[in-house]
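Reader: I should be grateful for a close look at a single part of this structure, namely the sheet. Please set out how its strands are ordered and paired, and what packs on them.

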Amino acid sequence: MSSFLKIAFSSLEQIAARPLFWTGMIIMPVLFIFFLTDEMKEGLPEKAPAGILDKDHTSLSRKVTRNLAGMQLVEITRESDSFTQAMNDVKSGRTYGFFLIPENYQADLLAGRSPVVTFYTNMTYFVPGTLLYKNFKTTAVYTKAGTITNLVQSATGAGAEQVTPVINPINVVAHPTGNPWLNYSYYLNPGFTAGVLELMIFLMTAYTICEEIKRGTSRSLLEQASGSIIKAVTARLLPQTIIWCVMAMAMESWLFAWNHYPMNGSWLWLTVSTLLFVPACQGFALFVCCVIPNLRFALSICALTGVLAFSLAAFSFPVQSMYGSIGIFSWILPVRIYFLIYIDQALDGIALYYSRFYYAAYFIFILLPLTMMWRLKRHYATPVYLP
């Protein structure tokens, strides 16, 4: 135990003495969390810049333009004279999409010839592109339905209460659960902040473990631990684990206690998930170090995996819509497990029974390095650094 504590205190002194550690472990995560919560404090993106290309120039087309401009999520910032101009606005980023009203739109609609309305959205920017698509489609559908309703009323003399059920027999009333405010901050920020924490844990863990081989101090560390690689690695990472757990709990407190993010389930089980998330990330990075005990390669793999997690963890793009060969990688990321537990426990508030496999996955990540620890011990005993 004395040698274990000696290694742990040595690691703590290293963290305190080197700006690299306390910058990566404290300053960067804190700055990013503050940045995200401030950047998305409005919750739902509003007034996405959009364009309009009106080739009809009739009272109905002008009404469609006014309807679009009056929507909460759309701001008509460009009125184009040609398709080329409208498309250039999208490609240059001045707008995220545009709505094209064809020639003879009013005449064709009144004559029952079903004119084709076209709208273009830039799905490179997934959130504003999706919002514009939804509003463009709603405008196109309800403009046609409203016009047909007026025509039927004029032809039959029936009232709106008689015609509307025929034109629109099913009236949909939506009641979103978990996040009825449709607040993107509530949905994305916990995953993004956990993703940043995961990336920094990956990098700091890989650096700490593989640096011993680079500096040639791994043999001395192994001797201090009486030849036990598990004891050496555990003592070396323990101070970091404690600091990361404090940072993770501070992140949770900032989001849920200070910013009042919704908590429809159990505080206890989300806290357990947060505390298990830290050693799970360390376990993943340690496994990479065991397989490739080289500082440069281990850091590169951890950095690449941590950055790709923002896409593969399916915060904004569902796994079901990914290619199977890509979507399967989402399940090898601890942040994906954290994100699913957050959805289950905080937003949906469902019973722990339905999240039990996710908690079990944490332990798989934690225990995974034990399968390859023998390889790391061999390189610690005979350190050879390959730049």
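Author: The model discussed here is predicted. A convenient place to begin is the pairing of β1 with β2, which is parallel and extends over five bridges. Within this pairing, Ile 52 has Glu 79 of β2 as its bridge partner. Between the two strands the chain passes through α3, and the resulting β-α-β crossover from β1 to β2 is right-handed.

β1 also pairs with β3, again in the parallel sense, through four bridges. Here Ile 52 appears once more, with Phe 99 in β3 as its bridge partner. Ile 52 is thus bridged to Glu 79 in β2 and to Phe 99 in β3. As to the surroundings of β1, six of its seven residues are buried, that is, under 20% relative accessible area, so the strand is largely enclosed by the rest of the structure.

From β3, residues 97–101, the pairing continues to β4 with four bridges, and these two strands run antiparallel. One position in this pairing is Gly 97, which stands opposite Thr 121 of β4. In general, the strands of a sheet pair through backbone hydrogen bonds, and either sense, parallel or antiparallel, may occur.

Taken together, these pairings give an open sheet of four strands in the order β2-β1-β3-β4, with mixed pairing. The edges are occupied by β2 (74–79) and β4 (118–121); each has a single partner strand, and therefore one side of each is left without a neighbour in the sheet. From one strand to the next, the twist averages 25 degrees.

Two helices remain to be placed relative to the strands. Helix α3, which spans residues 59–69, packs on the sheet and touches β1 (48–54), β2 and β3. The direction of α3 makes about 160 degrees with that of β3. Helix α4, residues 83–92, lies across β1, β2, β3 and β4. With respect to β3, α4 runs at about 160 degrees. The helix α3 that packs on the sheet is also the one through which the chain crosses from β1 to β2.

In summary, β1 is joined to β2 by five bridges and to β3 by four, while β3 is joined in turn to β4 by four bridges in the antiparallel sense.

Note on methods: Residues are numbered from 1 along each chain as its sequence is written. This is a predicted model: local features need pLDDT of at least 70, side-chain atom pairs count only at pLDDT 80 or more; totals for chains, interfaces and linings use all residues. Side-chain values use heavy atoms; hydrogens and water are left out. Two strands pair if DSSP finds at least two bridges between them. Axes are lines fitted to C-alpha atoms, for helices over the stretch in contact, and angles run from 0 to 180 degrees between N-to-C directions. Contact means heavy atoms within 4.5 Å. Buried means under 20% relative accessible area, exposed over 50%, partly exposed in between (1.4 Å probe, protein chains only). A crossover is right-handed if, with the strands pointing away from the viewer, the path from the first strand over the helix to the second runs clockwise.
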